[in-house]
Amino acid sequence: QTKMGIEWSQSEKQISKANFKNKKLFGNEAKTFVISKINSENKEEISYLDIDSIIDKSEKLYLENRDLEAAVEVLSLLKSELLMKQKSITKDLKMARNIQRGIVPEKIPDWNGLQFGIIYLPMQEVSGDYYDYFQIDPEHLSILLSDVSGHGIPAAFITAISKLLFSNHKKGNPSEIFGSINYQILDLIKKQGYLTCFYGKIDSNHMLKYSLAGHPSPLLLKHSTSEIIRLEGEGTYLGIFEEAREFYKDYSIQLEPGDKVFVYTDGFIEGKNDKGDEFELKKFEELILSTKSLNVQKTIECIREEYSSFCKGTDQGDDVTLLVFGISLERDKLQWYISHAQKLYQKSKFIEACVVLHEAYQVFPNDTSILLLLGEYYAKSRTYEEAIKYLSDYNKIKKDNDVSYLLLGYCYYRIEDYTKAQVVLQRSIALKLDNIEAMYRLAQVFLKQDDVPRAQKTLQEILTIKKDDKRAKLLLQFVARNFKE
């Protein structure tokens with residue numbers, strides 16, 4: 001055997017290359033290197049290194065490292081694919097949310113002294129809770145609140161179906177509407193979901209006729225007695241049983257000034273605090289009593305604040321919706337405000353008329369008649385920015401009035417915001433195809449944007465509707481003289 005000695009300052013060691021074959025003699029596996037050193041007691045200590053074993057382990061580590069790198073690369077690719085899918089899902093959810101925002105009204109307008117307030121808190125991007133209203137005729141208004149089983153996209157899809165069905169079934173008593181819709185939901189969703197629902201129809205004398213389909217009982221706060229009444233009724237779910245029609249019944253109550261009705265989904269009273277305690281019905285009733293002196297809007301604000309404070313720091317476990325409606329104690333003032341403002345307007349006292357209407361607006365901020373008159377009167381007084389504010393609020397509630405869009409487009413034109421003017425004027429024309437006034441204003445907007453061909457085309461369309469329209473002819477002549485190129 002060959003030996004080699006190495007010395008350094010820290011200690012003395014000897015390294016020997018060995019080839020031990022007699023295991024009994026040495027009592028060790030064959031080692032490639034023998035390392036010896038003198039310890040503090042001046043005795044030799046020997047240790048062994050098996051280089052073959054080290055090489056084998058190195059090879060295994062190399063292979064394992066190579067497999068690990070391959071796995072990391074695969075995971076990286078999978079991560080990229082997951083991120084792409086996540087982006088696609090997020091995009092789809094945002095699209096679904098925007099669609100549902102179009103389905104669920106942003107506000108329910110004040111009507112005949114009746115005011116509405118909403119707390120609407122989807123658990124996810126889209127919600128299984130759905131509320132709506134229908135102006136059946138000048139004497140009747142219907143409202144509904146439903147809760148679809150499940151969450152997310154499937155539940156939101158059923159809310160879209162519900163929107164269509166309830167929009168097509170406005171006539172008849174609430175129980176009859178439930179009976180008809182139940183069959184159609186069964187046909188459409190094949191028992192893959194169901195919904196609970198409150199449906200109420202209110203007449204001009206504030207008589208409420210309602211029916212329940214497995215929905216939590218609404219609460220009525222009687223202003224005159226400070227009493228909370230749980231409205232009767234049960235019914236069964238929509239979309240489960242073919243024979244459900246016989247279980248739906250109609251109930252009626254007479255609403256009086258100051259009375260408020262609270263309709264909610266079960267997610268509302270199941271809201272939890274950080275200790276796991278639920279909001280509960282008893283706590284809700286106590287909160288309702290504390291709002292007796294408040295109008296509907298202030299009531300909603302108070303409940304929202306208390307509810308948010310109770311559930312602060314916890315994850316929402318369900319969609320949450322609360323619909324409150326009640327008769328304003330100041331409802332008799334509404335018509336006085338309007339008639340007084342109209343008299344001032346007829347005397348060309350436009351600003352004074354706006355002041356009166358603004359007082360009415362403070363009491364009835366979602367009354368569409370007040371919003372439209374404020375927009376019209378401010379436009380007449382050439383206070384266009386204020387007119388735009390009220391007309392925009394009106395159009396969020398009433399989306400089918402070509403006159404309001406025409407007036408709004410004119411206001412945008414006057415403040416030289418031609419892009420917005422073009423959009424709302426085109427909306428006005430879409431609602432009324434022979435809307436000559438909107439078309440004329442749109443032609444003016446195109447000229448301001450130096451879009452002469454579209455201005456000419458719009459003016460010619462006016463003349464196809466009304467051949468002797470003088471304004472269209474004069475503007476076409478003006479364009480021909482001044483915009484030859």
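This is a short tour of a predicted model, with a suggestion at each stop for what to select in your viewer.

**Stop 1: the main nonpolar core**

Begin inside. Select Phe166, Leu238, Leu255, Leu323 and Phe325: within the largest nonpolar core, which has 105 residues, these touch the most other members. Now add helix 14, residues 436-448, which gives the most to this core, with 9 residues.

Next, zoom in on Phe166, in helix 3 (residues 152-168). Is Phe166 buried or exposed? Its relative accessibility is 0%, so Phe166 counts as buried. To see what surrounds Phe166, show its contacts beyond four places in sequence: Phe134, Leu144, Ile177, Phe178, Ile181, Cys197, Tyr199 and Leu238. Leu144 is a good one to try your distance tool on: 22 residues separate Leu144 from Phe166 along the chain, and their C-alpha atoms are 9.0 Å apart.

**Stop 2: Leu323 and another core**

Move to Leu323. Leaving out residues up to four places away in sequence, Leu323 touches Ile108, Phe116, Gly117, Ile118, Ile143, Leu144, Leu145, Val261, Phe262 and Val263. Apart from the largest core lies another one, made of 21 residues; to find it, select Ile119, Phe262, Tyr264 and Phe279, which are among its members.

**Stop 3: a salt bridge on helix 3**

Now for the charged side chains. Side chains of opposite charge can pair when their charged atoms come close. The model has 8 salt bridges, and a few of them are worth a visit.

Go back to helix 3 and select Lys163 together with Asp132. Their side chains form a salt bridge, with 2.7 Å from N to O. Lys163 belongs to helix 3 and Asp132 to strand 6 (residues 129-137), so this pair ties together parts 31 residues apart in sequence. Lys163 is partly exposed because its relative accessibility is 23%, while Asp132, at 3%, is buried.

**Stop 4: a hairpin and its charged residues**

Select residues 219-222 and 227-230, which are strand 10 and strand 11; the two run antiparallel and are joined by 4 bridges. They form a hairpin with 4 residues between the strands, and in the turn you will find Ser226, with a positive phi of about 55°.

Stay here and click on Lys222, whose bridge partner in strand 11 is Glu227. Which residues share a network of salt bridges with Lys222? Add Glu256 and Asp259 to your selection, as these two are linked with Lys222 in that network.

At residue 230, Arg230 forms a salt bridge with Glu285, where the closest N and O atoms are 3.0 Å apart. This pair links distant parts of the chain, with Arg230 in strand 11 and Glu285 in helix 6 (residues 281-290), 55 residues apart. With a relative accessible area of 51%, Arg230 is exposed, whereas Glu285 counts as buried at 18%.

**Stop 5: Asp451 and Arg454**

Select Asp451 and Arg454 for one more salt bridge, with the closest N and O atoms 3.7 Å apart. Asp451 counts as partly exposed at 21% relative accessibility, and Arg454 is also partly exposed, at 38%.

**Stop 6: a nonpolar patch on the surface**

Finish on the outside. Switch to a surface view and select Val74, Leu75 and Leu78, a nonpolar patch with about 280 Å² of accessible area together. Val74 sits in helix 2, residues 51-103, and counts as partly exposed because its relative accessibility is 45%.

Technical notes
Residues numbered from 1 in each chain as written. Predicted model: local features only at pLDDT ≥ 70, side-chain atom pairs only at ≥ 80, totals over all residues. Heavy atoms only, no water. Pairing = 2+ DSSP bridges. Core = buried A, V, L, I, M, F, W, Y, C linked by side-chain atoms within 4.5 Å. Buried < 20%, exposed > 50% of the residue type's maximum accessible area, 1.4 Å probe, protein only. Contact = heavy atoms within 4.5 Å. Patch = residues over 30% accessible without salt bridge, like charges linked within 9 Å, V, L, I, M, F, W, Y side chains within 5 Å. Areas by Shrake-Rupley, 256 points an atom, 1.4 Å probe, with all protein chains shown as cover. Salt bridge = Lys/Arg side-chain N within 4 Å of Asp/Glu carboxyl O.
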